[in-house]
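This briefing looks at how a protein meets a DNA strand and at how its chains are joined by strands. Please view the structure before reading the points that follow.

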2 protein chains.
Amino acid sequence: MDAIDSFDRKLLDLLRHDARQTGRQLAEAVGLSPAACLRRVQRLREIGAIEREVAIISPQVAGQTVKLLVMLVIPPGKPDRIDRLRRKFAALAQVTTIYHVTGKADLVLTVECASMEAYANFTEVHFYSEDIASFETIVVLRSYDAHPEPAPKA
Amino acid sequence: MDAIDSFDRKLLDLLRHDARQTGRQLAEAVGLSPAACLRRVQRLREIGAIEREVAIISPQVAGQTVKLLVMLVIPPGKPDRIDRLRRKFAALAQVTTIYHVTGKADLVLTVECASMEAYANFTEVHFYSEDIASFETIVVLRSYDAHPEPAPKA
DNA sequence: TGAAATTTGCGAAAAATCCGCAACAGACAA
DNA sequence: TTGTCTGTTGCGGATTTTTCGCAAATTTCA
């Protein structure tokens, strides 16, 4: 079965911070042989415990220097309207996350643009449509990594 | 110099989605030799264009199944108050991102907990203090990957 | 145009991953 | 307790990937 034991948890926690560690490094940290570690990591990938491994690109380099939170209010209508919008936004390069939420708003997007001017354009193109009742923009002044180093237990 | 050319951009875009590609795969995609690709990736790491490479762990496995957006209002005071709070929240395992924002709220957190009950506890412990004037919780019903496949140009 | 600096591809060396195999550990029935 | 079954380990070798030196090619800039 695909049960996760304490070795697996330790491996996941290590790779969550740095996915580029070798079998040897992992072995040192968890107390198994390199081969055993790699076999476990392989298995964690297969069962989906590790969804994927990605590189985090510096925002400056990516040319996305302005970050915004956008609260979207969707007019009442067919339930698939939100889903359609979600798919539409997922395809846009400026959109980094999409949340379907409770409360006054229906969708919350995090958006990254090269400039405020670029964001202004973005809103004009995408938010003035009859699919969107209203929206509110929150400007992110600074954003911080949550766990630069090993996190405490939940 | 640390200038980024179009090959580098292509590599960054590839690794942003999947950091586990080999030199051979990258070479195929960008049209350089494997060695040249790996040299460039190495350099992108050194100059910080690639900040780090991480594994994305399935939330179920991580045991964090409830996601929330929390808008925190901080009472007016010394400007370092927000910074102190920020550091405090960054250390908590449940907190995944921290934004310092404009608008009614001052800080926006994304929080992940094992259950609503766990979140209720979390709020009691961390949000009822004189450092926090008020807070509003938005429950995330669903969250979506923004760019499952290659993103369009910005 | 020509010299200097950078980057490329190639191939060998080093390192890491993968895979088969025998040994070991735990679960469970007799 | 004994024996079997299942799953995992460590080991070593085969395979793949990364790293590095070097000469050729390309770009830069005066």
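Helices and strands are DSSP runs numbered from the N terminus, a helix being H or I over at least four residues and a strand E over at least two. The model is predicted, and over residues 4-65 of chain A the chain is 60% helix and 13% strand, with the end C-alpha atoms 39 Å apart. UniProt, in an unreviewed entry, places the feature "domain: HTH asnC-type" at these residues of chain A.

**Surface near DNA strand D**
- DNA strand D is surrounded by 13 residues, the closest being A:Ser33, A:Ala36, A:Arg39, A:Arg40 and B:Gly23, and the residues of this surface divide into 5 nonpolar, 4 polar and 4 charged.
- Of the atoms of DNA strand D within 4 Å of the protein, 61% belong to sugar or phosphate, while the rest belong to bases.

**Polar contacts with DNA strand D**
- A polar side-chain atom of A:Ser33 lies 2.6 Å from a phosphate oxygen of the strand, whereas B:Gly23 places a backbone N or O atom 2.7 Å from a phosphate oxygen.
- A base oxygen of DNA strand D lies 3.5 Å from a polar side-chain atom of B:Arg39.

**Barrel and helices**
- A barrel is closed by 8 strands in the order β2(A)-β4(A)-β3(A)-β5(B)-β2(B)-β4(B)-β3(B)-β5(A), with antiparallel pairing, and the twist averages 35° from one strand to the next.
- Strand β5 of chain A is joined to the antiparallel strand β3 of chain B by 5 bridges, and the bridge partner of A:Asp145 in β3(B) is B:Thr97.
- Helix α6 of chain A lies across β2, β3, β4 and β5 of chain A, running at about 140° to β4(A).

Definitions and conventions:
Residues numbered from 1 in each chain as written. Chains lettered and ligands numbered in written order. Predicted model: local features only at pLDDT ≥ 70, side-chain atom pairs only at ≥ 80, totals over all residues. Heavy atoms only, no water. Near = heavy atom within 4 Å. Polar contact = N/O pair within 3.5 Å; in protein donor to acceptor, adjacent residues only side chain to side chain. Nonpolar A, V, L, I, M, F, W, Y, C, P; charged D, E, K, R; others polar. UniProt positions renumbered as here; feature names shortened; annotations may be inferred. Pairing = 2+ DSSP bridges. Axes fitted to C-alpha atoms, helices over the stretch in contact; angles between N-to-C directions. Contact = heavy atoms within 4.5 Å.
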